[in-house]
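Good morning, colleagues. Please take a moment to look at the sequence and the structure on the screen before I begin.

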Amino acid sequence: MHHFFVNPEQVEDGLIRITGSDVNHIKNVLRIRQGEEILVSDGTGRDYLCQAEEIAGQEVTVRILETEEEGRELPSRIWLFQGLPKSDKMELIIQKAVELGAAGIVPVSTKNAVVKLDAKKEEAKRKRWQAIAESAAKQSGRSLMPRVMGLMTLGQAFDYIEKEQFALRLIPYEHEAGMEGSRQELSRVAPGQDIAVFIGPEGGFDESEINLALKKGVRPVSLGKRILRTETAGLAMLSVLMMRLEGGL
């Protein structure tokens with residue numbers, strides 16, 4: 001079923017008025033006709049099964065058939081703080097992170113990151129990354145629209161999680177020995193938390209960055225005996241957290 005996002009104020013009196021770029025997509029790409037059913041989310045966790053009622057001009061009006069209050073979101077908000085990878089790997093990471101339930105993705109510049117973004121490139125990249133997140137959210141049936149934030153230094157990212165009072169702060173690190181520490185940290189995962197996951201770039205984290213993480217209450221964990229690529233490590237961590245939060249582990 002085709003899936004669209006609106007703002008809560010677009011929902012009123014049993015109707016939803018869809019505007020913006022989605023109108024052209026509905027009319028000229030998907031060619032949705034009157035009477036067809038679509039899924040609409042208001043970005044707050046509420047989903048609506050709707051029927052197209054009027055498709056005209058710069059607005060599409062749909063009638064609400066059913067309201068799903070529970071939504072499809074994880075009971076905790078997981079934020080992925082991703083060290084900037086090379087080439088187009090960030091696009092894949094964002095797409096899959098959104099599918100796995102990430103509430104937000106933050107690109108992070110670190111000591112070992114090869115990629116450097118100037119202000120002009122950063123804004124263009126962020127817009128593209130947000131568009132990828134939106135597409136993945138629609139495809140995977142998300143109830144909330146994940147946010148791709150602007151580039152942060154690692155220090156700024158640590159300050160951000162302190163300011164926003166993230167309850168659980170994890171950083172997979174290849175030199176963290178054994179899985180017992182990982183099991184202990186994962187045992188602390190509970191509904192209602194804000195969870196931060198920090199992933200290094202291709203070159204990994206510098207030892208000084210790990211030391212700073214420890215001072216900021218970010219706990220190193222192991223992902224096993226194998227060294228994972230940057231585009232794999234975050235997704236592995238998100239998969240474990242997703243299963244844990246949804247009662248699978």
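Two strands are said to pair if DSSP finds at least two bridges between them. With that term in hand, consider one such bridge: Ile 55 has Val 60, in strand 6, as its bridge partner. I should state at once that this is a predicted model.

The two strands concerned are strand 5, residues 47–56, and strand 6, residues 59–68, which pair in the antiparallel sense over nine bridges. Helix 1, residues 21–29, packs on the sheet and touches strand 1, strand 3, strand 5 and strand 6. The direction of helix 1 makes about 160 degrees with that of strand 1.

In what order do the six strands of this open sheet lie? The order is 1-4-5-6-3-2, and the pairing is mixed. Strand 1 (3–5) and strand 2 (11–12) each have a single partner strand, so they stand at the edges, and one side of each is left without a neighbour in the sheet.

Following helix 1, the loop that leads to strand 4 (37–41) contains Arg 31. The phi of Arg 31 is positive, near 55 degrees. Most residues other than glycine have a negative phi. Is Arg 31 buried or exposed? Its relative accessibility is 51%, and therefore Arg 31 counts as exposed, the cut-off being over 50%.

A similar description can be given for Ser 87, in the loop between strand 7 and helix 2. Its phi is near 50 degrees, again a positive value, and Ser 87 counts as exposed because its relative accessibility is 57%.

I turn now to helix 4, residues 154–163. Its buried residues are Leu 154, Ala 157, Phe 158, Tyr 160 and Ile 161. Viewed down the helix axis, these fall within an arc of 155 degrees, so they line one face of helix 4. Among the elements covering them are strand 7 (77–83), strand 8 (104–109) and helix 6 (207–215). Just after helix 4, Gln 165 takes a positive phi of about 55 degrees.

Finally, the nonpolar cores. The largest has 34 residues, of which Ile 94 and Leu 241 touch the most other members. Helix 7 gives the most to this core, namely seven residues. Leaving aside residues up to four places away in sequence, Leu 241 touches Ile 78, Leu 170, Leu 186, Val 189, Ile 195 and Val 197. There is also a second, separate core of 20 residues, including Met 152, Phe 166, Ile 171 and Phe 205.

Thank you for your attention.

Definitions and conventions. Residues are numbered from 1 along each chain as its sequence is written. This is a predicted model: local features need pLDDT of at least 70, side-chain atom pairs count only at pLDDT 80 or more; totals for chains, interfaces and linings use all residues. Side-chain values use heavy atoms; hydrogens and water are left out. Helices (H or I, at least four residues) and strands (E, at least two) are DSSP runs, numbered from the N terminus. Contact means heavy atoms within 4.5 Å. Axes are lines fitted to C-alpha atoms, for helices over the stretch in contact, and angles run from 0 to 180 degrees between N-to-C directions. Buried means under 20% relative accessible area, exposed over 50%, partly exposed in between (1.4 Å probe, protein chains only). The arc is that of the directions from the helix axis to the C-beta atoms. A nonpolar core is a set of buried Ala, Val, Leu, Ile, Met, Phe, Trp, Tyr and Cys residues joined through side-chain atoms within 4.5 Å.
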